[in-house]
Amino acid sequence: MRVLVLTIVAFWLAAAQASAQASSQSAAYRAPRSFDGHADLSGIYQAVNTANWDLEDHSPRAGTMWETGAIGSEPGGQSVVEEGAIPYKPEAVAKKKANFDHRRTADPEAKCYMPGIPRANYMPYPFQILQTPRGIMFVYEFASANRLVNMGKPEEAGSDTWMGTNNGHWEGDTLVIDVTGLNGLAWFDRAGNYASSHLHVVERFTRVDPYHLTYEAAMEDPTVFTRPWKISMPLYRKVEKNAQLLEFKCVEFAEELLYGQYKKQPSK
């Protein structure tokens, strides 16, 4: 018994030491520099989690169509929301539930609409960051979506859009993006989590080693939530040979869903 206890203690001490060393190495890491002397975040990244299914804790569940069997089922996953749950106002919970109940046809992803922010960054598709003298471009594989982050004088949103108006600045080696002017039509995930057009998002991208970014997004919408809340996750840099974004122009996959009811019916 004593030997077993000593073995367990030794294991945990070794694990703690390894964790401390990893944290120290991460803190000491200095990202390569871009043309303007800031951290170079350029590359192709992808989230490897279940946030696009549901930002909160969730068990595995059947998909929206029994015909797809296990292929269309949804994996379980852990929450990426700090403090675990999204702080909805009581009156907003009913809309979230209605979104979930009708997700097969109501989810904007099913219709190939722009994914919105922050969802674009954790869909199961890669995206690319390009740093240029004009600004920082995010190019997403899903629906060929993109957004240009203005790194100059902040601009006000001229109108509401799917991807919002993006103003960026640097805090050390962290890229901070202030996103306003969102149209309130995008969802956060396939579980129906949502916000309104009053949503304000502040994102933070930090390169912590050659292969990862840490991503944080703080959300504020006083019409839907009782308080601001935040998600966080790692984003993994694609390092395979010839890594590139491929086309995923999904409108043709959604045509029947969007326009099937308007097809000319054969005469009887």
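Let me start with the side chain of Arg61, which makes a polar contact with the side chain of Glu74 at 2.7 Å; by a polar contact I mean a pair of N or O atoms within 3.5 Å, where, within protein, one must be able to donate a hydrogen and the other to accept it, and where residues adjacent in sequence count only if both atoms are side-chain atoms. Before I go on, please keep in mind that this is a predicted model, in which local features need pLDDT of at least 70 and side-chain atom pairs count only at pLDDT 80 or more, whereas totals for chains, interfaces and linings use all residues. Residues are numbered from 1 along each chain as its sequence is written, and side-chain values use heavy atoms, with hydrogens and water left out.

Back to Arg61, then, which sits in the loop between strand 1 (43-46) and helix 2 (90-101); helices (H or I, at least four residues) and strands (E, at least two) are DSSP runs, numbered from the N terminus. Is Arg61 buried or exposed? Arg61 counts as partly exposed, because its relative accessibility is 23%, and the classes here are buried for under 20% relative accessible area, exposed for over 50%, and partly exposed in between, with a 1.4 Å probe and protein chains only. Leaving out residues up to four places away in sequence, Arg61 touches Trp53, Asp54, Ser73, Glu74, Phe100 and Ala191, a contact being heavy atoms within 4.5 Å. Of these partners, Ser73 is 12 residues from Arg61 in sequence, and the two C-alpha atoms are 6.0 Å apart in space.

In that same stretch I would also point to Glu83, which is found in the loop between strand 1 and helix 2. Glu83 is not a glycine, yet it has a positive phi of about 75 degrees. With a relative accessible area of 73%, Glu83 is exposed.

Let me turn now to a group of polar side chains around Ser196, a residue in the loop between strand 6 (174-180) and strand 7 (200-209). Ser196 counts as buried because its relative accessibility is 17%. Which side chains does the side chain of Ser196 meet in polar contacts? One is that of Asp221, at 2.7 Å, and another is that of Thr223, at 3.0 Å. The side chains of Asp221 and Thr223 are themselves joined by a polar contact of 2.6 Å, and with neighbours within four places in sequence set aside, Ser196 is in contact with Gly184, Asp221, Thr223 and Val224.

Asp221 itself belongs to the loop between strand 8 (212-220) and strand 9 (229-237). Outside the residues up to four places away in sequence, Asp221 touches Ala195, Ser196, His198 and Leu199. Asp221 is buried yet has no salt bridge, and the nearest side chain of opposite charge, that of Lys89, is 7.6 Å away. A salt bridge here is a side-chain nitrogen of Lys or Arg within 4 Å of a carboxyl oxygen of Asp or Glu, and for charge, Lys and Arg count as positive and Asp and Glu as negative, while His and the chain ends are not counted.

The next topic is the disulfide, defined as a pair of cysteine sulfur atoms within 2.5 Å. The count comes to 1 disulfide, which joins Cys112 to Cys250 with an S to S distance of 1.9 Å. Cys112 lies in the loop between helix 3 (103-106) and strand 2 (127-131), and Cys250 in the loop between strand 9 and helix 4 (251-259), so the pair ties together parts that are 138 residues apart in sequence. The link is right-handed, with 85 degrees about the S-S bond, and both Cys112 and Cys250 are buried. Cys112 also has a positive phi of about 65 degrees although it is not a glycine. Pro118 is found in the loop between helix 3 and strand 2 as well, and the peptide bond from Ile117 to Pro118 is cis, with omega near 15 degrees.

Finally, the protein as a whole. There are 4 helices and 9 strands, running from the N terminus on as α-β-α-α-β-β-β-β-β-β-β-β-α. Of the 268 residues, 40% count as buried. Among contacts with a separation of 6 or more, residues 24 or more positions apart account for 59%. The protein exposes about 15200 Å², of which carbon and sulfur atoms supply 56%; accessible areas come from the Shrake-Rupley method with a 1.4 Å probe, and for residues only the protein chains shown count as cover.
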